[in-house]
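Subject: Model handover and notes

Hello,

Here is the model you asked for, with my notes below it. Please read them with the structure open.

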Amino acid sequence: IADVDGVPMASAGDRYVCDEVAGRIVLVGRKIRDFSGTLLDHGRTWDVKMTKVDVDGGEVLVCAVGGSADGRQRSLARSVDGARRILRAA
């Protein structure tokens, strides 16, 4: 989960990957609401699924990285629910 500036707010998994994906996906997220594809970085690739989530008048970007397309979809759905629940309670 990242803010609209690409700053990670919460993550699970390899910290480097989470930070790099958050910093890059924000460029995609400025133009579109949902993304499913591959991000590239100096010989590395990450399969990513991203969606923007509205929370109390603001937006966050929620991503799932790696695994199968179905696995990313399931992870994304679970993360979207969690982000909404946690951020609304804050």
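The lining of the largest pocket divides into 15 nonpolar residues, four polar ones and two charged ones. Please keep in mind that this is a predicted model. The largest pocket holds about 440 Å³ of space. Its lining comprises 21 residues, and those closest to the pocket centre are S11, A12, C18, C63 and A64. Three elements give two or more residues to the lining of this pocket: helix α1, strand β4 (58-65) and helix α2 (69-89).

Cysteines

Two of the residues closest to the centre of the pocket, C18 and C63, also matter for the disulfide count. How many disulfides are there? The count is zero. The closest cysteine sulfur to that of C18 belongs to C63, and at 9.2 Å it is too far away for a bond, since the cut-off for a disulfide is 2.5 Å. Seen from the other side, C63 is in no disulfide either, its nearest cysteine sulfur being that of C18. C18 counts as buried, with a relative accessibility of 19%, which falls under the 20% limit for that class.

Salt bridges

The model has five salt bridges by the distance rule; I describe three of them here, starting with R24.

R24 pairs with E20 through their side chains, with an N to O distance of 2.5 Å. Both residues sit in helix α1 (residues 15-29), and because they are four residues apart there, about one helical turn separates them. R24 itself is partly exposed, at 24% relative accessible area.

The side chain of R24 also meets that of D41 in a salt bridge, at 2.4 Å from N to O. D41 belongs to strand β2 (residues 34-41) and R24 to helix α1, so this pair ties together parts that lie 17 residues apart in sequence. Is D41 buried or exposed? D41 is buried, with a relative accessible area of 4%.

A further salt bridge links D54 and R33, whose closest N and O atoms are 2.9 Å apart. D54 is in strand β3 (residues 44-55), whereas R33 is in the loop between α1 and β2, so the pair ties together parts 21 residues apart in sequence. Both partners are partly exposed: D54 has a relative accessible area of 41%, and R33 has a relative accessibility of 35%. As for shared partners, E20, R24 and D41 are joined into one network by their salt bridges.

F35

One more residue to look at is F35, which is placed in strand β2. F35 is buried, at 17% relative accessible area. Which residues does F35 contact, leaving aside its neighbours within four places in sequence? They are I25, V28, V48, K49 and M50. For K49, the C-alpha to C-alpha distance to F35 is 5.6 Å, although the two are 14 residues apart in sequence. I25 and V28, also in contact with F35, fall within the residue range 15-29 of helix α1, while V48, K49 and M50 fall within the range 44-55 of strand β3.

Regards

How values were computed: Residues are numbered from 1 along each chain as its sequence is written. This is a predicted model: local features need pLDDT of at least 70, side-chain atom pairs count only at pLDDT 80 or more; totals for chains, interfaces and linings use all residues. Side-chain values use heavy atoms; hydrogens and water are left out. A salt bridge is a side-chain nitrogen of Lys or Arg within 4 Å of a carboxyl oxygen of Asp or Glu. Buried means under 20% relative accessible area, exposed over 50%, partly exposed in between (1.4 Å probe, protein chains only). On a 1 Å grid over the protein atoms alone, a cavity is a set of points where a 1.4 Å probe fits but cannot get out, and a pocket is an open set with protein on both sides within 12 Å along at least five of seven lines; lining residues have an atom within 4 Å of a point. Grid points are joined across faces, edges and corners, and a volume is the space filled by probe spheres set on the points. Ala, Val, Leu, Ile, Met, Phe, Trp, Tyr, Cys and Pro count as nonpolar, Asp, Glu, Lys and Arg as charged, and the others, Gly among them, as polar. Contact means heavy atoms within 4.5 Å.
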